[in-house]
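Biologist: Please take a close look at the sheet in this structure, strand by strand, and then at what packs and bonds around it. A connected account would serve better than a list.

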Amino acid sequence: MYKDKKILCIIPARGGSRRLPGKNIKLLNGVPLIGYAIRAAKGSQYVDTVIVSTDDEEIARVAREQGADMPFMRPTELASDTATTLPVLEHAVGFLEEKGLHFDLILLIQPTVPGVESHDVDAAIEKLVVTGANSCVSVCEIVERPEWMYRMGEGARVTPYVETTVTHSQDMEKLYRVNGAVYVMTHDTVMKRHLIRDNESCVAVMMPMERSTDIDTPMDFIIAETLLTKP
């Protein structure tokens, strides 16, 4: 059911990072950050091909050392600060299709969420296939509640962001956020509908908060390093 699907994993890792230079290959508990994503993908029961899309030669070198394929270097126009992820996926899939390689499912793993593990990848693939959805994302439960947030207006006056009469967290509806670790999409969702997350046909798999840190700043890096045990 799952293993008859050809699955491509793409790990995007551009070279530029203003807040945390060299982020994607910075050592976290002795492992290059991108190594966690590669390890999770290669440990999957279902993933056939794992590639890294990067414009940076040093990232490419580290990615190869960690076991990923590097069939191309990412074009410069897809590596700017304003470049989005969808064109990066479309470029990678298109490149491989020109080489005669075709895939049923496209898996995106962000290298900035080192808590991702192989069973998260497999769970997302299984959920998508079983439900027949077009996309599946990993999520975690939120701690910062919108009911406790405020807008600040003129004169520092605050007003509730969400009007509610519920005051105890245990009485509030559980809410979740996309944690950025794993996305799985059908081929046509990416290449024909030009979507990563199809909001009309999207399911989710849970990851715990302690494995959901998305590294964007030096503080995020410290938090992730503290929460994650050495591999």
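Modeller: What follows starts with the sheet and moves outward to the cores, the salt bridges and a few single residues. The model is predicted. Its open sheet is built from six strands in the order E4-E1-E5-E9-E6-E10, with mixed pairing. The edges are strand E4 (49-53) and strand E10 (202-206); each has a single partner strand, so one side of each is left without a neighbour in the sheet. From one strand to the next, the twist averages 30 degrees.

Starting from the E4 edge, strand E1 (residues 7-12) runs parallel to E4 and is joined to it by five bridges. Within this pair, Ile11 stands opposite Val52 of E4. E1 also pairs with E5, again in the parallel sense, over four bridges. There, Leu8 has Ile106 of E5 as its bridge partner. The next pairing brings in the antiparallel sense: E5 and strand E9 (residues 176-186) are joined by five bridges. Ile106 takes part here too, with Met185 as its bridge partner in E9.

Strand E5 (residues 105-109) is mostly covered, and five of its five residues are buried. The cover is on both faces: Leu105, Leu107 and Ile109 are buried on one side, Ile106 and Leu108 on the other.

The packing around the sheet can be taken next. In soluble globular proteins, nonpolar side chains tend to be buried together. The largest nonpolar core here has 35 residues, and Ile11, Val52, Leu107, Ile109, Val121 and Ile125 have the most contacts inside it. Two or more residues of this core come from each of E1, H1, E4, helix H2 (57-65), E5, helix H4 (118-131) and E9. A second, separate core has 18 residues, including Leu8, Ala92, Leu96 and Val139.

Ile125 shows what one of these core residues touches. Not counting neighbours within four places in sequence, Ile125 is in contact with Ile7, Ser44, Tyr46, Val47, Leu105 and Val184. Helix H1 (residues 33-42) has eight of its 10 residues buried, so this helix is largely enclosed by the rest of the structure. The buried set in H1 consists of Leu33, Ile34, Gly35, Tyr36, Ala37, Ile38, Ala40 and Ala41.

Charged pairs add further links. The structure holds nine salt bridges. One of them joins Asp48 to Lys6, with the closest N and O atoms 3.9 Å apart. Asp48 is in the loop between H1 and E4, and Lys6 is in the segment before E1, so the pair ties together parts that are 42 residues apart in sequence. Asp48 is partly exposed, at a relative accessible area of 39%, and Lys6 is also partly exposed, at 41%.

The salt bridge between the side chains of Asp120 and Arg211 has an N to O distance of 2.6 Å. This pair links distant parts of the chain, 91 residues apart: Asp120 belongs to helix H4, and Arg211 to the loop between E10 and helix H6 (218-227). Asp120 and Arg211 are both buried. Another salt bridge joins the side chains of Arg145 and Glu147, at 2.8 Å from N to O; Arg145 and Glu147 are buried as well. Glu58, Arg61 and Glu65 form a network of salt bridges.

Beyond E9 in sequence comes helix H5 (residues 187-191), which contains Thr189. Thr189 is buried, with a relative accessible area of 1%. Its side chain makes a polar contact of 2.6 Å with the side chain of Thr186. Leaving out residues up to four places away in sequence, Thr189 touches Asn134, His194, Leu195 and Asp198.

One of those contacts, His194, lies in the loop between H5 and E10. His194 is partly exposed, with a relative accessible area of 44%. Its backbone also deserves a check. Most residues other than glycine have a negative phi. His194, although not a glycine, has a positive phi of about 55 degrees. Ala156 is another residue other than glycine with a positive phi, near 65 degrees, and is located in the loop between strand E7 (150-152) and strand E8 (158-160).

Key. Residues numbered from 1 in each chain as written. Predicted model: local features only at pLDDT ≥ 70, side-chain atom pairs only at ≥ 80, totals over all residues. Heavy atoms only, no water. Buried < 20%, exposed > 50% of the residue type's maximum accessible area, 1.4 Å probe, protein only. Polar contact = N/O pair within 3.5 Å; in protein donor to acceptor, adjacent residues only side chain to side chain. Contact = heavy atoms within 4.5 Å. Pairing = 2+ DSSP bridges. Axes fitted to C-alpha atoms, helices over the stretch in contact; angles between N-to-C directions. Core = buried A, V, L, I, M, F, W, Y, C linked by side-chain atoms within 4.5 Å. Salt bridge = Lys/Arg side-chain N within 4 Å of Asp/Glu carboxyl O.
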